[in-house]
Amino acid sequence: MTHAYETFDTTSSIKSQKQIESEVFLNVTRRLRASQNTKSCNYSSFVEAISKNRKLWTLLCTDILHPQNELSTHIKANIFYLNDFVQSYSGRILSEGITVEQLIDINQSIIRGLNESKVSS
């Protein structure tokens, strides 16, 4: 991944790229959960959290297109599929009022994968 995640204010010169990515996903996921719990009194924060999650997934897809990205074609395809789902489901959250739980579950799966891969590295 490139340094596009720096726009999410999680930078450190001593952290690995996977640690930074994991922290970004964790921060966005926490924000989704918190905003879901307070959306009735602060809907704009809820919409902003959804938007931040969408932006994160867009950046992820942009990063995997970089020629130096070493992820397998299969993993890249899965990430694109998840991005399509995240973008579509986010629209449904805003238009139909469904919960963000599926987005949280997806992000948590990504976090687990990043943390497992850094342990095995």
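**Helical architecture and residue environments in a predicted model**

Lys18 is placed in helix H1, where helices (H or I, at least four residues) and strands (E, at least two) are DSSP runs numbered from the N terminus. The structure is a predicted model, in which local features need pLDDT of at least 70 and side-chain atom pairs count only at pLDDT 80 or more, while totals for chains, interfaces and linings use all residues. Residues are numbered from 1 along each chain as its sequence is written, and side-chain values use heavy atoms, with hydrogens and water left out.

Lys18 has a relative accessible area of 32% and is therefore partly exposed; buried denotes under 20% relative accessible area, exposed over 50%, and partly exposed the range in between (1.4 Å probe, protein chains only). The C-alpha atoms of Lys18 and Glu116 are 10.0 Å apart in space, although 98 residues separate the two in sequence. Val24 also belongs to helix H1 and is buried, at 1% relative accessibility. Between the C-alpha atoms of Val24 and Ile111 the separation is 9.1 Å, across 87 residues of the chain.

Helix H1 covers residues 17-38, and its 22 residues should span 32 Å at 1.5 Å a residue; the expected span is 1.5 Å times one less than the number of residues. The end C-alpha atoms of H1 are 32 Å apart, in agreement with that value. The buried residues in H1 are Ile20, Glu21, Ser22, Val24, Phe25, Val28, Thr29, Leu32, Ser35 and Gln36.

The protein as a whole contains four helices and zero strands, and its pattern along the sequence reads α-α-α-α. It has 121 residues, of which 32% count as buried. Among contacts (heavy atoms within 4.5 Å) with a separation of 6 or more, 61% are between residues 24 or more positions apart. The accessible surface of the protein is about 7,000 Å², and carbon and sulfur atoms contribute 53% of this area; areas were computed by the Shrake-Rupley method with a 1.4 Å probe, and for residues only the protein chains shown count as cover.

Asn107 lies in helix H4 (residues 101-120) and is buried, with 0% relative accessibility. Leaving aside residues up to four places away in sequence, Asn107 touches Phe25, Val28, Thr29, Leu32, Asn53 and Trp57. Of these contact partners, Phe25, Val28, Thr29 and Leu32 are among the buried residues of H1.

A second asparagine, Asn69, is located in the loop between helix H2 (43-64) and helix H3 (73-96). The relative accessible area of Asn69 is 12%, so the residue is buried. A polar atom of the Asn69 side chain lies 2.8 Å from the backbone nitrogen of Leu71.

For helix H3, the 24 residues should span 34 Å at 1.5 Å a residue, and the end C-alpha atoms are 34 Å apart, which agrees. Ile79, Asn83, Val86, Tyr89, Ser90 and Ile93 are the buried residues of H3. Gly97, just after H3, adopts a positive phi of about 75 degrees.

Three aromatic pairs are present in the structure. Rings of Phe, Tyr and Trp (its six-membered ring) pair if their centres lie within 6.5 Å; planes under 30 degrees apart are classed as stacked, over 60 as edge-to-face, and the rest as tilted. One of the pairs joins Tyr43 and Phe46 and is tilted, with 5.7 Å from centre to centre and 40 degrees between the planes. Tyr43 and Phe46 are three residues apart in helix H2, so about one helical turn separates them. An α-helix has 3.6 residues a turn, so residues three or four places apart point the same way. Tyr43 is partly exposed at 41% relative accessible area, whereas Phe46 is buried at 0%. The pair formed by Phe85 and Tyr89 is stacked, because the ring centres are 5.2 Å apart and the planes lie at 20 degrees. Phe85 and Tyr89 are both in helix H3, four residues apart, or about one turn of the helix. Phe85 is partly exposed, at 28% relative accessible area, and Tyr89 is buried, at 8%.

A disulfide is taken as a pair of cysteine sulfur atoms within 2.5 Å, and by this rule the structure has zero disulfides. Cys41 is exposed, at 67% relative accessibility, whereas Cys61 is buried, at 5%.

Technical notes. A polar contact is a pair of N or O atoms within 3.5 Å; within protein, one must be able to donate a hydrogen and the other to accept it, and residues adjacent in sequence count only if both atoms are side-chain atoms.
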